[in-house]
Amino acid sequence: MGALFRSEELCLVQIFLQSGSAYNCVSELGELGVVEFRDLNPHVNSFQRKFVNEVRRCEEMEKTFTFLEQQISSSLCCPVSETLSIPSPVPSAPQPRDLLAIEEESERLATELKQVSENRDSLRSQLTQLQQYRGVLIQTHSLIDSQAQPPPPASLDTSLLDNGPEAHLSFVAGVVHPWKVPAFERLLWRACRGYFIIEFQEMEKNPNVLETSDMTQWTVFLISFWGKTIGQKVKKICDCFHANTFFYPENTEERQELQKGLQSRIEDITQVLFQTESYLQQLLCRCVSILPQWKVCVMKCKAVHSILNMCSASVTDKCLIAEAWCPVRKLLLLQSALTEGTRRSGSIVDSFYNRLPLSSSSSPPTLFTTNSFTAVFQSLVDAYGVAKYGEVNPAAYTIVTFPFLFAVMFGDVGHGLLMVIAALWMILQNKDNKNTHFKNEMWRTVLAGRYLILSMGLFSVYTGAIYNHCFSRTLSIFPSSWHLRPMNWSDDTLRGSRFLCLDPNTTGVFRGPYPLGIDPIWHLASNHLTFLNSYKMKMSIIIGVLHMTFGICISYFNYSHSQQWFHVLLVLIPELLFMLGLFGYLVFLIIYKWLAFGPGQSDRAPSILLHFINMVLFTDNKETPPLYPGQRQVQSVLMVVVLTSVPVLLLGRPIYLYYHHTRRHGQCATTEHPTITDTSSINTLLGDLEGGRREQEEQEEFDAVEVFMHQAIHTMEYCLGCISNTASYLRLWALSLAHAQLSDVLWMMVMRTSLSSRGMLGSVVLAGFFSFFALLTVSILLVMEGLSASLHTLRLHWVEFQSKFYSGTGYKFSPFSFTSITNPL
């Protein structure tokens, strides 16, 4: 809880990396993931850094790996996952000589794959054409016998005349896509004026040949015509429609001889293609086995060189100097990583680190140690803003307050149990806390919040027991504390009266409070909604005031951590007096009325709202009796304290800062700037000079009017926010009422109708209605209402609670880790 309450202590270290062991040292730090490096060359272009060539080499290899992955996904026979799995165990960052071997092997493998793929595609194209040619010869053999000869050349139009007696019957055969057949035939008819004969027939598949394409997509055509002019037009039209035409002998014996030659060539190419495909599969299988390791090695090598580019060279250029943030409790791991990196590189000179002092201008990152249970609550807070270093973390309190406020709006024993069962199922499904294998991002989000759902379900069971709600029905676990017999009503009175009122002053009617929650008799009373609404509304005000007051008190830990004690006196205490003087006193009136006025005195209980209005207006209403003696004097004192806290909150901090600035400015005018002696960091001299110059500029640029305006805005926002935020907590009452009424309507309109059925048919009807009731319960009451209550709870934490003490202006501690690089999820 200590690490969750406030950020872990971080320190700024300066690491001296020897040139021979720098790569291995950074590699070891990446395996541990304990430091966050700072860029010491922010103004240097990325293309002008020292290790830019190594980074480019890694990027070129990643392009080669992308090509190999594309070949695997498109050509590998056995299906593989979308992304190749990370090898186990994960290889370490390779040495430069090993990286050179990976580069040579990957380029050779990519080149060979490219050549084999091109040869395979070329053989497939040749085989497809030969199969089409053979299919055309086979299927047009029957077409020639049945085809009538076209008109002789003597009957041709003068524009289509040829060389007279040299004209003879010719053929054009080929294949065309089926969807092009109508347009193809129509254009031939118009261009050749009908002086030709064309036949179409679908190409049949031959099971004895290797299928390289979908041959059913092609249609065989045979065109017979007279003359060269028509032949030229036919060939041009075939080219326009991208139809594959083949040489077609006129003699039957020649066609049969050509068919035999094509069959022999098809068999030869099929055998060569089979061997090429086998060799290609061998290359792809090798890629599948070795590519994941190569990718991890190259990613680690690229990450190491990127970190080395963030370092600055020493004056002698014999070592690299880096600065990084490191948790104090992991400094020993940092030193062990540097020692191990030096040993692996075989260097004689050790690499080491120095701890640098923190300056006022340097803001360390924020690090919270979380587990699978607290991570979801921390993510809810980080969505609003990351805590500043040393600031109190609201997640430590959100673990309790978030599910509780949700349960106040979602109080139902049955619905809470369903949420608990769903959360337990998700916990059992994810025992190893590994939800990265799920592809659905929405499901991963729900699975990450399984412990949040479990907490909300458990709290909902508790608040549902307090409300005495279970699927909108009451639970009579204990006998009611209200009894009818002592009223001595006759049977005629009971039958003739629709509504009767029990008198708590009658002996034996009321026998003390109900053991747990609300007495079930209140759900049967005619005014049960009025009672429950009044109870839930007052409880919402009490919970809201306590929640906001607790948030104001938490700001004390932020002020004490930063040693800003004047904020405690001039900001914290006035804010507490304003909140407690108004709304804290309102909570006191509610609780006092509950305790002072029992069932016997309930008819004489005064209105709290009228008392509160009279307090604010400094009026005294004779018709409103006081709740306790001396009430008017107490309320007058509280209002004076509240009104006095406003000018203190408005003027206290600006006056103090102005006085402090004037005093420091007078001291600095008579004090010389001290000589800089600490040169442990390469940026110390420049940083101190800039820090002194910045401090002087801040003193000169101090504007009391600006400070006063900011404080005035803060004061108005706080005073008006106390009123609006208190009213905002009434959403607890409103959503609780909506959830209860929606559950009751669903029960009355679905289940109550089916329960009136009897017999075998009634059982079938009950089963159908219950299925429909369960579907609506899960989809509307659990999913939609649960999401609505969660969003309202999130708003109460972000706006009403965290705004009292939390700034959220920090940034996360992001250590250099190979795990986050190789597995981002």
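This briefing describes selected strands, helices and aromatic contacts of the structure shown above. The model is a predicted one, and every value below was computed from it. Strand 5 pairs in the antiparallel sense with strand 3 and also with strand 4, while helix 12 has buried residues that pack against five named helices, including helix 11 and helix 24. The structure holds 35 aromatic pairs, and two of them are treated in detail further down.

**Strand 5 and its partners**

- Strand 5, which covers residues 219-226, is mostly covered, with eight of its eight residues buried.
- In a regular strand the side chains alternate between the two faces of the sheet. In strand 5, T219, F221, I223 and F225 point one way, whereas V220, L222, S224 and W226 point the other way, and all of these residues are buried.
- Strand 3 (residues 169-176) is joined to strand 5 over eight bridges in the antiparallel sense, and within this pairing S170 has F225 as its bridge partner.
- Strand 4 (residues 197-202) is likewise antiparallel to strand 5, here over six bridges, and Q201 stands opposite V220 of strand 5.

**Helix 2**

- Helix 2 (residues 22-32) is mostly covered, since nine of its eleven residues are buried; these are A22, Y23, N24, C25, V26, S27, E28, L29 and G30.
- The cover over the buried residues of helix 2 includes both strands and helices, among them strand 1 (10-18), strand 8 (319-327), helix 8 (252-309) and helix 25 (818-822).
- The residue that follows helix 2 is G33, and its phi is positive, near 70°.

**Helix 12 and Y451**

- Helix 12 (residues 413-429) has 17 residues and reaches 24 Å from its first C-alpha to its last, which is close to the 24 Å expected at 1.5 Å a residue.
- At the start of helix 12, the backbone nitrogen of G414 has a side-chain oxygen of D412 within 3.0 Å.
- The buried residues of helix 12 are V413, G414, H415, G416, M419, V420, A423, M426 and I427, and they pack against helix 11 (395-409), helix 13 (441-448), helix 14 (450-467), helix 23 (731-755) and helix 24 (759-801).
- Y451 has its place in helix 14 and, leaving aside neighbours within four places in sequence, is in contact with S372, F373 and I427, the last of these being one of the buried residues of helix 12.
- The C-alpha atoms of Y451 and A375 are separated by 9.5 Å, although the two residues lie 76 residues apart along the chain.

**Aromatic pairs and a charge over a ring**

- Among the 35 aromatic pairs, F37 and F816 form an edge-to-face pair, because their ring centres are 6.1 Å apart and their planes stand at 75°. This pair links distant parts of the chain, F37 lying in strand 2 and F816 in the loop between helix 24 and helix 25, 779 residues apart, and both residues are buried.
- F184 and F241 form another edge-to-face aromatic pair, with 5.4 Å centre to centre and 70° between the planes. Here F184 belongs to helix 6 (residues 181-192) and F241 to the loop between helix 7 (228-240) and strand 6 (244-246), 57 residues away along the chain, and both F184 and F241 are buried.
- One aromatic cluster is formed by F5, Y384, Y397, F550, Y556, F557, W565, W798, F801, F805 and Y806.
- K536 lies over the face of Y467, at 4.4 Å from the ring centre.

Methods. Residues are numbered from 1 along each chain as its sequence is written. This is a predicted model: local features need pLDDT of at least 70, side-chain atom pairs count only at pLDDT 80 or more; totals for chains, interfaces and linings use all residues. Side-chain values use heavy atoms; hydrogens and water are left out. Buried means under 20% relative accessible area, exposed over 50%, partly exposed in between (1.4 Å probe, protein chains only). Helices (H or I, at least four residues) and strands (E, at least two) are DSSP runs, numbered from the N terminus. Two strands pair if DSSP finds at least two bridges between them. The expected span of a helix is 1.5 Å times one less than its number of residues. Contact means heavy atoms within 4.5 Å. A polar contact is a pair of N or O atoms within 3.5 Å; within protein, one must be able to donate a hydrogen and the other to accept it, and residues adjacent in sequence count only if both atoms are side-chain atoms. Rings of Phe, Tyr and Trp (its six-membered ring) pair if their centres lie within 6.5 Å; planes under 30 degrees apart count as stacked, over 60 as edge-to-face and the rest as tilted. A charge sits over a ring if NZ of Lys or CZ of Arg is within 6 Å of the ring centre and within 35 degrees of the ring normal.
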